[in-house]
Amino acid sequence: MPKLINKNTVITNPWTVMKASTGPEILQVVPGKNFIVPLQFWKLYQEELNEYDGNIAVWLDSDENPEQISDELHSLPLIALNFPVFSDGRSYTNARELRQKYAFKGEIRAIGDVLRDQLYYMAQCGFDTFEIRHDQEAELCLQAFNDFETGYQSTVAEPVPLFRRR
Amino acid sequence: MYRYDGYDHQMLADRVAQFRDQTNRYIDGKLSEIEFLPLRLQNGLYVQRLAPMLRIAVPYGMLSSTQLRKLAYIANHYDKGYAHFTTRQNIQYNWPALVDVPDLLADLAEVEMHAIQTSGNCIRNTTTDQFAGAAPDELEDSRAYCEIIRQWSSFHPEFAYLPRKFKIAVCGTVDDQAATQVHDIGIYIVKGDNDEIGFRILVGGGLGRTPVIGKEIFDFVEKKHLLTALEAILRVYNREGRRDNKYKARIKILVKETGVEEFKNKVTKEWALIKDSSLTLTDEEIDRCQKFFDAPNYQELSNTPTQLTDKLQSNILFAAWHSQNVKPHKVTGYSIVTVCFKETGVAPGDVTDRQLEQIADLSDEYSFGEIRISHKQNIVMADVRQDQLFELWKALESGAMASNNLGLLTDLICCPGGDFCALANAKSIPIAEAIQRKFDDHEELTNIGEMNLNISGCMNACGHHHVGNIGILGVDKKGEEYYQVSLGGSSKNNASLGKIIGPSFAQEEIPDVVETIVGVYKEKRIGEEKFIDTYNRIGIDPFKEKVYAKAD
Ligand code: HEM
Ligand code: SF4
């Protein structure tokens, strides 16, 4: 089970991320789970998902974007955004857009290549929870949220830029 | 000059602590090479052929004498006694040890300096015209806007992992000395209707292997919308810029592949969402930043005082320096002085710790304790009293800093090349030196007149060869170092990319080739015509004929 943290502590992880290559049979084989399914899976198997007895959330890869689920996203409890590699910065923009353009109120989770040194920026862009890579130490990761006392920009976490606060 | 407040200091201290921790984890093996790479790059640290190279940010090129003294100390303490001015108004050190870098950064932080975002795939140091605030032809001082952009772009959480590096230049002078059009975003300060000052914005310029001149996407942006416009552009780029191929990842490729109109539509859509958000600039913030660049305490003086005119008549060396390196100032009785760091035999942009200290002292004495670095790797003292020019020149001369070749052929731009750089195809510093030796007669140089000669050791174009009037590019020809020559480039207002003249040349041929090119120009020019104007009139063929006729 991958380690999950929020900005304060290690938390239990009720969700399982479904791999991009998974087919719909899984829903029969593994009942009663809480799955975060890939966007394509979610689009293709709406019916099967409606009948499923566990909770369902969606994850977007870094080359997908919230516009693709803009009509339905408010019904989702959680949207996960993937970092295929930590140096792919697109999911930062997706998180910000979910919050600011679509006013998404549910949980936004970082999944994939999620490492200690990017966590502060992720939190600024609107991520709530972080499924950290297996080799990352949770204690070390939790310190990341204090890397900076404040920043200059208008962000999801601090919408008022410093020039309006100083 | 901008001064840090508690917030700026806190952020810098946080950053130094963060990087110290990252470096320690890397040294302890807890952070892999690949994961440490972007972190160290975002703190200016490259690993090069001989040692790490550390690039220090000099926001829009401005330095105080206090900062210069600290840079001298660092050159002496952590390096081999010298530093290097870059073509983006920054400073580099070639020899610091990795373990020393956190301490070095802490030293820099004491004087409000850092190496943040000087490399890596993020928004880099914003540059501007080195005469900002002093030029007679300026619409408005660009530095306040550069500072506003600096703050917005520093530690921007959304844009720290862009597809590729991102460079912004702002130009407020009529004569563009900032190479504005070859930046990812180029911003011109312009006058709109009712004389309102605002910004004209270009996107998608850049050098490197695919050189492109930026294209206009907004002809007039109100001041208050500056940051929202930039944020919208960056957002489209961050999402859509190519990440599959490093050589196609700059915004110039995205703009080209999308088409400027379509790109503009996308940006306009993003912009509409945030245009009147909290990111909209306030008058108070613009005022606050402008106050840092208020005019220094100028005296009431008159132009061309006798102290100056007497010396101009009596000392021909001073007169030669004056006519080349001293430019008019917007305030009566003052001049803008450029200290040219293109002494033959010294790598362009190299400066010793002793010279840094001397410049610090001279700027205290003659130019309100501030200097600027120019993108041509020289130093500007922007506010010198005309009646003190001679004293300043004497002092510069005694420090071997009175080169009088500013803007002339030997004031060339040159990248570190094969002597220092792991990516080089060929050496570039020895080429620069050979050309300088060939053209060692000042009278001949002034006769040739304004000329930009730019040299890069490979197609990454750090030496801006595409926009040199004469550009020289190191190429690899079956394992041998060869040089390709191009003509007609310019980074000024009528920016243009040079055209390759023909097959490349061996190293020892280059000085003669340059001489032949110059010869064609001298023969064909009409009146006071500059090289670039003659070239634009007659085209490349006459040059080609002569150059290759001679080679046969
Ligand atoms: C010695 C180590 C250096 C290395 C490895 C290096 C590497 C590179 C690379 C790979 C590029 C191309 C990036 C791209 O096209 O996306 C580039 C561009 C550039 N570099 Fe360097 N560089 C070095 C030193 C310098 C120095 C010393 C200067 C200034 C004197 C400099 C100034 C520039 C500039 C102005 C560009 C062009 C920016 C553009 O494409 O718009 N570089 N460098
Ligand atoms: S142009 Fe090429 S050789 Fe010169 S510094 Fe840049 S990467 Fe190195």
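Select strand 7 and strand 8 (residues 129-131) of chain A, which run parallel and are joined by two bridges; what you are looking at is a predicted model, and the tour begins at this pair. Within the pair, pick out A:Arg109, which stands opposite A:Thr129 in strand 8 of chain A. Then extend the selection to helix 5 (residues 119-124) of chain A, through which the chain crosses from strand 7 to strand 8 of chain A in a right-handed β-α-β crossover.

Now turn to the other neighbour of strand 7 and add strand 6 (residues 78-83) of chain A, which runs parallel to strand 7 (residues 107-112) of chain A and is joined to that strand by six bridges. Keep A:Arg109 highlighted and add A:Ala80, since these two residues are bridge partners between the strands. The path from strand 6 to strand 7 of chain A passes through helix 4 (residues 90-100) of chain A, and this β-α-β crossover is right-handed. With helix 4 of chain A displayed, you can see that the helix lies across strand 6 and strand 7 of chain A, and that its direction makes about 160° with strand 6 of chain A.

Next, show the whole sheet in chain A, an open arrangement of eight strands in the order 2-1-8-7-6-5-4-3, with mixed pairing. At its edges are strand 2 (10-11) and strand 3 (16-17) of chain A, each of which pairs on one side only. For a closer look at one end of the sheet, select strand 1 (residues 4-5) of chain A together with strand 2 of chain A, which run antiparallel and are joined by two bridges. Here A:Ile5 stands opposite A:Val10, the latter in strand 2 of chain A.

Move to chain B and select the open sheet of five strands in the order 3-14-15-12-11, where the pairing is antiparallel. Strand 3 (62-64) and strand 11 (326-328) of chain B have a single partner strand each, so one side of each is left without a neighbour in the sheet. Looking along the sheet, you will find that the twist averages 30° from one strand to the next. Zoom in on strand 11 and strand 12 (residues 334-339) of chain B, an antiparallel pair joined by three bridges, and label B:Lys327 and B:Ile336, which are bridge partners there. Adding helix 11 (residues 316-325) of chain B shows an element that packs on the sheet and touches both strand 11 and strand 12 of chain B, its direction making about 50° with that of strand 11 of chain B.

Finish at ligand 1, and select the 24 residues that surround it, the closest being B:Lys165, B:Lys167, B:Arg250, B:Cys462 and B:His464. Which protein atom is a donor to the iron atom of ligand 1? The single donor from the protein is the SG atom of B:Cys462, 2.1 Å away from the iron, and B:Cys462 itself lies in the loop between strand 17 (453-456) and strand 18 (470-477) of chain B.

Around the oxygen atoms of ligand 1, three contacts can be drawn as distances. A polar side-chain atom of B:Arg250 lies 2.9 Å from an oxygen atom of ligand 1, a polar backbone atom of B:Leu207 is 3.2 Å from an oxygen atom of the ligand, and a backbone N or O atom of B:Gly208 is 3.3 Å from an oxygen atom of the ligand.

Terms used. Residues numbered from 1 in each chain as written. Chains lettered and ligands numbered in written order. Predicted model: local features only at pLDDT ≥ 70, side-chain atom pairs only at ≥ 80, totals over all residues. Heavy atoms only, no water. Donors = N, O, S within 2.8 Å, 3.2 Å for Na, K, Ca; no water. Helix = DSSP H or I, 4+ residues; strand = E, 2+ residues; numbered from the N terminus. Pairing = 2+ DSSP bridges. Right-handed = clockwise from strand over helix to strand, strands pointing away. Contact = heavy atoms within 4.5 Å. Axes fitted to C-alpha atoms, helices over the stretch in contact; angles between N-to-C directions. Near = heavy atom within 4 Å. Polar contact = N/O pair within 3.5 Å; in protein donor to acceptor, adjacent residues only side chain to side chain.
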